[in-house]
Amino acid sequence: MAEKISFNTQIFSRVRLATESDVSHLHKLMYQMAKYHNYTKVFNATKASITTNLFKSDNPCPPFYSVTAFILEVSSDSFPQNTLKNPIFDPILRTVNLVSPILDSDLELFRTNNNISSILSEVDNKPLSSDNNVFVAGYVLFYPCYSGYFEKPGFFIENMFVRECYRKCGFGKMLFSAVASQAIKLGFTKVDWLTVGWNENAIDFYLGMGAYIMQDVKRFRLSGDGLDAFATNDQDGGDKI
């Protein structure tokens, strides 16, 4: 029996602010990204921890001034052009003509919450489509950062992930563009991120975007027992810097 084609010749896409209703999808996407990088042994994020850190933090800062997530959605139906305007971020819409059909074997697993589509389409007082034909295809997680070297802050992208069947359609660039445009809107001057050295396709993609590699920078991390030990270390002993 032939597998059903999810998207044949055209696909419609939207980037919007994530909401608490997206937590289940964000958790699945984060796990898939950890699996892609072979980090599943250290992956311990839960739906509860994502909810707490993204949507129920004691930090009163609004999106873009604290940890923020964009959701990438796709549909075989066009998104309404007069989508309800968000005072913080207006969704970005894009139509892609496909070179070859897309088969998404996890399509139903990533169906968008009905409440989200109804809220974003309530301008017309009708749902996006008769069967809520909207699915999550990726996300980007980022937050503001400030370096004393520069006059203005920037964004740091912590995670950016597009599900495998939707790659090479321009969706990664769409997510990056959404972050970059918001940085410009806020008067920020840069967007930083990291990538693993073995991912040559990603590196070529980033260089093609106009990004450059900061060769003189190495990332360090203190965590687990090391973090606990250093936090209780006698500050009068040991090596001094």
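**Exercise 1.** Which residues of helix 1 are buried?

*Solution.* The model is predicted: local features need pLDDT of at least 70, side-chain atom pairs count only at pLDDT 80 or more, and totals for chains, interfaces and linings use all residues. Residues are numbered from 1 along each chain as its sequence is written, and side-chain values use heavy atoms, without hydrogens or water.

Step 1. Find the helix: helix 1 covers residues 23–36, where helices (H or I, at least four residues) and strands (E, at least two) are DSSP runs numbered from the N terminus.

Step 2. Apply the cut-off: buried is under 20% relative accessible area, exposed over 50%, partly exposed in between (1.4 Å probe, protein chains only).

Step 3. The buried residues are Val23, His25, Leu26, His27, Lys28, Leu29, Met30, Met33 and Ala34.

Step 4. Their cover includes helix 2 (47–55), strand 2 (68–75), strand 4 (134–145) and strand 5 (154–162), with contact meaning heavy atoms within 4.5 Å.

**Exercise 2.** State which strands pair with strand 4, and in which sense.

*Solution.* Step 1. Two strands pair if DSSP finds at least two bridges between them.

Step 2. Strand 2 and strand 4 are antiparallel, with eight bridges; Val134 in strand 4 is the bridge partner of Ser75.

Step 3. Strand 4 and strand 5 also run antiparallel, joined by eight bridges; here Gly154 in strand 5 is the bridge partner of Cys145.

Step 4. As for burial, 10 of the 12 residues of strand 4 are buried.

**Exercise 3.** Locate Met214 and classify its exposure.

*Solution.* Step 1. Met214 sits in the loop between helix 5 (200–209) and helix 6 (224–231).

Step 2. With a relative accessible area of 48%, Met214 is partly exposed.
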